[in-house]
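Please open the model in your viewer, colour it by secondary structure, and keep a selection panel at hand. The tour begins with the whole chain and then moves from one residue to the next.

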Amino acid sequence: MANYNITAFGAVGDGVTDNSAAIAAAIEACGANGGGTVVIPAGTYVTGRIELRSYMTLELEAGALLLFHTDFEKYPVVPTRWSGYECYGISPLIYGRGLKQVAIKGQGIIDGQGSAWWQAYRELRRGGTVENALTREISIKNAALRQSVKSNIVEWESQFLRPPLLQLIDCEQVSLEGVTLQNSPFWNTHLVYGKDVHIHGVKIKNPSDTPNGDGMDIDSCTNVRISDCFFDVGDDCLCIKSGIDEDGRRVGKPSENIVITNCTMLRGHGGVVLGSEMAGGIRNVVISNCIFLGTDRGIRMKTNRARGGYIKNIMVSNIYMEEVFCPITINSFYRHGVDESNPLIASPDAVAITESTPVVEHVRIHQVTAKRSRASAGFIYGLPEMPIRDLQLSHVHIEMTTDPGEQGDEPDMVREKLIMAGDGMLCKHVEGMELHHVRIETRQGPALRLEDVRDIEVNDLKMKQPHPGTPVIAATRAADLFVSGRQSAESGYLQIENETVSSHN
């Protein structure tokens with residue numbers, strides 16, 4: 001297929017000229033001729049929104065820099081999915097809907113110039129307003145949509161609905177390769193309802209203080225392959241989502257059949273994250289051969305009683321981490337977005353199981369090493385009415401920091417701080433868990449704390465430097481607990497309390 005160089009349509013790469021019309025003309029010509037490649041050569045090109053077409057490739061050659069306008073009103077109102085809700089919002093800077101065989105590739109840089117958007121958001125947080133013809137149109141359309149789908153979307157009233165840098169909705173045969181995407185107004189790269197997605201060698205960058213600066217969000221997508229990518233962002237690095245609460249359940253599209261391999265994550269709130277918007281379900285995910293450096297959490301699964309849906313059939317293997325707060329978190333009490341006026345959402349006691357009760361089950365975590373972890377070795381916290389089920393950790397090695405000045409932080413945004421800096425792994429409301437050949441070295445406290453658990457098998461859990469007077473395993477209300485291994489025969493290895501049934505070799 002033919003190439004369409006944007007300079008042939010009048011584009012000028014001087015960092016000043018508005019090239020919106022030239023780029024749109026190149027894309028139109030490409031589409032009118034059945035597809036091809038729209039080429040952005042070396043140079044700095046300022047532009048407004050870019051809307052992609054089917055059967056086209058957007059190629060940024062080495063030395064190409066695409067800069068997006070910071071005039072909000074250059075971006076029209078479009079249907080989108082924003083933070084898990086179907087709604088109307090400001091158009092993503094690069095946008096496509098209902099496309100087939102669409103690709104973005106090359107060695108160039110796509111820059112959203114997000115600082116203007118972040119400043120507007122921070123002004124809202126301080127009590128200011130952002131009101132113009134664009135925001136008024138969004139408000140009117142969303143009010144009508146709210147009535148038609150009977151949604152209680154409270155965030156529409158308080159948010160500016162900043163757009164992603166790149167969003168493709170309901171697209172098939174999507175390919176992203178080689179490019180750098182940086183400085184996004186909101187989430188960086190957002191793929192929604194996609195099928196057959198291939199992402200390779202992409203760099204995702206946002207400053208560490210970017211508000212809601214997720215790296216890549218895979219949202220209700222099927223058959224996704226992500227490999228050899230680099231993330232350095234201010235929020236979760238790579239997220240898998242499927243809609244939020246009743247709106248996500250209404251849409252009912254899972255994220256499924258996803259492979260993530262050979263990626264490096266730097267900083268960010270989490271390395272690879274599942275949830276918390278997971279109301280449509282997340283299943284069949286394989287994560288392997290990745291490195292997490294300085295992320296707050298490593299492997300992170302998060303949900304709460306409002307979400308519903310499920311996370312299941314997850315396999316994690318061959319992961320190396322350094323200086324993360326908490327290497328492994330599976331949290332059904334994630335507090336963000338919880339309606340504090342509903343006491344049942346945050347109750348520590350069991351409540352009735354409903355369609356909004358999330359399910360987390362069938363998780364395998366294998367060959368994970370984490371060094372100099374800062375808050376806790378792990379945080380696995382189910383619901384009393386719906387425990388995390390069928391969890392296996394094998395050949396996991398976690399070393400906590402020995403720095404006495406480390407203050408740590410909460411393990412995973414729960415209502416109360418449950419773990420002190422340098423603690424081991426806490427497992428609460430878990431049923432059917434196996435630990436095989438796990439080593440945890442803490443700065444203080446036991447390697448493993450079990451509370452309100454059932455059907456737990458621990459085989460060869462080691463702590464080479466246990467603390468005087470402190471057990472390696474502390475169990476409270478642990479039914480059907482089986483412990484074995486060489487170190488388990490040592491005096492003081494296991495401490496059990498309160499209604500515990502234990503078989504111990």
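## The whole chain

Before selecting any residue, consider how contacts are distributed along the sequence: among contacts in the protein chain between residues at least 6 apart, 73% join residues at least 24 apart. This is a predicted model, and its protein chain contains 6 helices and 37 strands. Turn the C-alpha trace onto its principal axes, and the protein chain spans about 80 × 45 × 40 Å. The radius of gyration of the protein chain is 24 Å, which agrees with the value near 23 Å that a compact globule of 505 residues would have.

Next, switch on the surface. The accessible surface of the protein chain comes to about 18,900 Å², and 46% of that area belongs to carbon and sulfur atoms. Buried residues make up 59% of the 505 residues. If you colour by charge, you will be looking at 48 positive and 62 negative charges, whose mean positions are 1 Å apart.

## Around Asn 183

Select Asn 183, which lies in the loop between β15 (180–182) and β16 (189–192). Which residues does Asn 183 touch, not counting those up to four places away in sequence? They are Asp 111, Gly 112, Gln 113, Gly 114, Trp 118, Lys 205, Asn 206 and Pro 207. For a sense of distance across the model, draw a line to Met 56, which is 127 residues from Asn 183 in sequence and 25 Å from it in space, C-alpha to C-alpha.

Two of the residues touched by Asn 183, namely Gly 114 and Lys 205, make suitable next selections. Gly 114 lies in the loop between β12 (109–111) and α2 (115–125), and with a relative accessible area of 1% it is buried. Leaving out residues up to four places away in sequence, Gly 114 touches Asn 183, Ser 184 and Pro 185. Pro 163, which is 49 residues from Gly 114 in sequence, is 9.8 Å from Gly 114 in space when C-alpha atoms are compared.

Lys 205 is found in strand β18 (residues 203–205), and its relative accessible area of 33% makes it partly exposed. Beyond its neighbours within four places in sequence, Lys 205 is in contact with Thr 180, Leu 181, Gln 182, Asn 183, Asn 188, Phe 230, Asp 232 and Val 233. A line from Lys 205 to Gly 36, 169 residues apart in sequence, covers 28 Å from C-alpha to C-alpha.

## Backbone geometry to check

Most residues other than glycine have a negative phi, and most peptide bonds are trans. The following selections are worth viewing with the backbone atoms displayed.

Go first to Asp 228, in the loop between β20 (222–227) and β21 (230–233). Asp 228 is not a glycine, yet it has a positive phi of about 55°, and its relative accessible area of 37% places it among partly exposed residues.

His 437 likewise has a positive phi of about 55° although it is not a glycine. The place of His 437 is in strand β33, and at 35% relative accessibility this residue counts as partly exposed.

Then show the peptide bond from Gly 275 to Ser 276, which is cis, with omega near -5°. Ser 276 is found in the loop between β25 (270–275) and β26 (282–293).

## Glu 441 and its contacts

Return to strand β33 (residues 423–441) and select Glu 441. Is Glu 441 buried or exposed? At 8% relative accessibility, Glu 441 counts as buried. With side chains displayed, a polar contact of 2.9 Å can be traced from the side chain of Glu 441 to the side chain of Arg 439, and the Glu 441 side chain also reaches the backbone nitrogen of Gln 465 at 3.2 Å. Neighbours within four places in sequence aside, Glu 441 is in contact with Ile 398, Glu 399, Met 400, Met 463, Lys 464 and Gln 465.

## A last stop at Ser 83

Finish with Ser 83, which lies in the loop between β8 (77–82) and β9 (85–90). Despite its place in a loop, Ser 83 counts as buried, at 11% relative accessibility. The C-alpha atoms of Ser 83 and Lys 253 are separated by 15 Å, while the two residues are 170 residues apart along the chain.

How values were computed
Residues numbered from 1 in each chain as written. Predicted model: local features only at pLDDT ≥ 70, side-chain atom pairs only at ≥ 80, totals over all residues. Heavy atoms only, no water. Helix = DSSP H or I, 4+ residues; strand = E, 2+ residues; numbered from the N terminus. Rg over C-alpha atoms; globule rule 2.2 N^0.38 Å. Buried < 20%, exposed > 50% of the residue type's maximum accessible area, 1.4 Å probe, protein only. Contact = heavy atoms within 4.5 Å. Areas by Shrake-Rupley, 256 points an atom, 1.4 Å probe, with all protein chains shown as cover. Lys, Arg positive; Asp, Glu negative; His and termini not counted. Charge placed at Lys NZ, Arg CZ, Asp CG, Glu CD. Polar contact = N/O pair within 3.5 Å; in protein donor to acceptor, adjacent residues only side chain to side chain.
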